[in-house]
Amino acid sequence: MLASHAARIHRGTYRDVQLGFRPGKSARNALDAVSVGVERRKVNWILDADISKFYGTIGHDWLVKFLEHRVADTRVVRLIKKWLHAGVLEEGRLTHSEVGTVQGGSISPLLSNIYLHYAFDLWVKQWRARYAEGDVIVVRYADDRVAGFQQLRDAKRFRHEMTERLVHFGLKLHESKTRLMDFGRFARENCRRLDGSKPPTFDFLGFTHCCGNTRKGKFAVLRLTSARRMRVKLLAVKDQLRRRMHQSVAEQGRYVRAVVARHIRYFGVPRNGRRIGRFRHQIVGSWYRTCRRSQIHRVKWARIQRPSQHWLPLAQICHPYPTQRLIVTTHGSRMR
């Protein structure tokens, strides 16, 4: 499936992509689809849409209808009904609700994908074939979605009709988190001509997407670690290191190594080296401050450098460019 999607990005028949909680698919595939779609297609406008309290507003009646449409075994449907009506135990209190699924539950990702497949994905495919006048890309990962448009009137109409569509199924867009913005190869010039500002950015799956250029001056989508995501993670690591002050340097080193390694494996994309280097430096600073157990005998900064170099991996790019990954996904086939 992803191989065919990748080829269509280059051939001009790009379809909608939904990659959340599916076997063989990951957030990396969704991020690559957004980057290649914006860079290779005629995308001038981005609609960053967010559903308000998605998991808590899924309608049970609609969900059961969707399940019955595809699942012939009534025993499976009956079991899922019992799961939905089992309730949630919070702080010793059992609460029941006629809407929503448990966020974090083992079956919730599957049910959410089924719900959005009928409530959103099939409608997007039909809308694009009927009404779109220019290029349109739509990438969805779970309840996070990004849509790109060539024509502004397509973007406005899509947003209006998508809002009505979601309301019909009991869902609502988050007004403050849903934005239509000028984004693409002409965004920098348009913003400079209007008010001299920089092009807007949008967040998707932990990355802030910006309009940038390659070293040769061609347009490229820059993917930088989200500042809010990094700040929340650093605060969590700081609190955890304070709880581990009684541990040895080796035990603390294994913990911070795991944190930095996970961060690099996810955020180590091209053109994001400075952000992941900053994250590693901040982790070293937090480790240094927790080592100062006494106000009289303070640990010098040079003393923390040696264990940090031993335990913490270097900040390096570990992912290829999105176009290169898609070429690998299509088994080296020649794509335009």
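This is a tour of selected residues in the structure above, stop by stop.

The model is a predicted one, in which local features need pLDDT of at least 70 and side-chain atom pairs count only at pLDDT 80 or more, while totals for chains, interfaces and linings use all residues. Residues are numbered from 1 along each chain as its sequence is written, and side-chain values use heavy atoms, with hydrogens and water left out.

**Salt bridges**

Begin with the charged pairs, where a salt bridge is a side-chain nitrogen of Lys or Arg within 4 Å of a carboxyl oxygen of Asp or Glu. A search of the whole structure finds seven of them; three are visited here, among them the pair of Arg 140 and Asp 121.

Select Arg 140 and Asp 121, whose side chains meet in a salt bridge with an N to O distance of 2.7 Å. Arg 140 belongs to strand β5 (residues 136-141) and Asp 121 to helix α5, so this pair ties together parts that are 19 residues apart in sequence. Helices (H or I, at least four residues) and strands (E, at least two) are DSSP runs, numbered from the N terminus. Arg 140 is buried at a relative accessible area of 1%, and Asp 121 is buried as well, at 14%. Here buried means under 20% relative accessible area, exposed means over 50%, and partly exposed lies in between, with a 1.4 Å probe and protein chains only.

Next select Glu 133 and Arg 153, which meet through their side chains in a salt bridge of 2.5 Å, N to O. Since Glu 133 sits in the loop between α5 and β5 and Arg 153 in helix α6 (residues 152-168), the pair ties together parts that are 20 residues apart in sequence. Glu 133 counts as exposed, at 53% relative accessibility.

Then move to Asp 73, which forms a salt bridge with Arg 75, the closest N and O atoms being 3.2 Å apart. Asp 73 counts as partly exposed at 30% relative accessibility, whereas Arg 75, at 56%, counts as exposed.

**Polar side chains reaching backbone oxygens**

For the next two stops, a polar contact is a pair of N or O atoms within 3.5 Å; within protein, one must be able to donate a hydrogen and the other to accept it, and residues adjacent in sequence count only if both atoms are side-chain atoms.

Select Ser 112 in helix α5 (residues 108-131), and display the backbone of Pro 109 with it, for the side chain of Ser 112 reaches the backbone oxygen of Pro 109 at 2.8 Å. Ser 112 counts as buried, at 1% relative accessibility.

Asn 44, to be selected next, is placed in the loop between α2 (27-40) and β2. A polar atom of the Asn 44 side chain lies 3.1 Å from the backbone oxygen of Gln 150, and Asn 44 counts as buried at 19% relative accessibility.

**Buried residues in helices**

Select Val 38 in helix α2, a residue that is buried with a relative accessible area of 1%. Add Phe 149 to the selection: the C-alpha atoms of Val 38 and Phe 149 are separated by 9.1 Å, although the two residues are 111 residues apart along the chain.

Ile 283, in helix α10 (residues 273-290), is buried with a relative accessible area of 0%. A distance drawn between the C-alpha atoms of Ile 283 and Val 259, which are 24 residues apart along the chain, should read 9.0 Å.

**Positive phi outside glycine**

Two loop residues call for a look at the backbone. Lys 53, in the loop between β2 (45-50) and α3 (60-70), has a positive phi of about 50 degrees although it is not a glycine. Lys 53 is exposed, with a relative accessible area of 68%.

Arg 271, which is found in the loop between α9 (249-267) and α10, also has a positive phi, near 75 degrees, in a residue other than glycine. Arg 271 counts as partly exposed at 33% relative accessibility.

**A positive patch**

Finish by selecting Lys 177, Arg 228, Arg 229 and Arg 231, which form a positive surface patch. Patches of this kind are made of residues with over 30% relative accessible area and no salt bridge, like charges being joined within 9 Å and nonpolar side chains (Val, Leu, Ile, Met, Phe, Trp, Tyr) within 5 Å. Lys and Arg count as positive and Asp and Glu as negative, while His and the chain ends are not counted. Within the patch, Arg 229 is found in helix α8 (residues 227-243) and counts as partly exposed, at 40% relative accessibility.

Notes. Areas by Shrake-Rupley, 256 points an atom, 1.4 Å probe, with all protein chains shown as cover. Charge placed at Lys NZ, Arg CZ, Asp CG, Glu CD.
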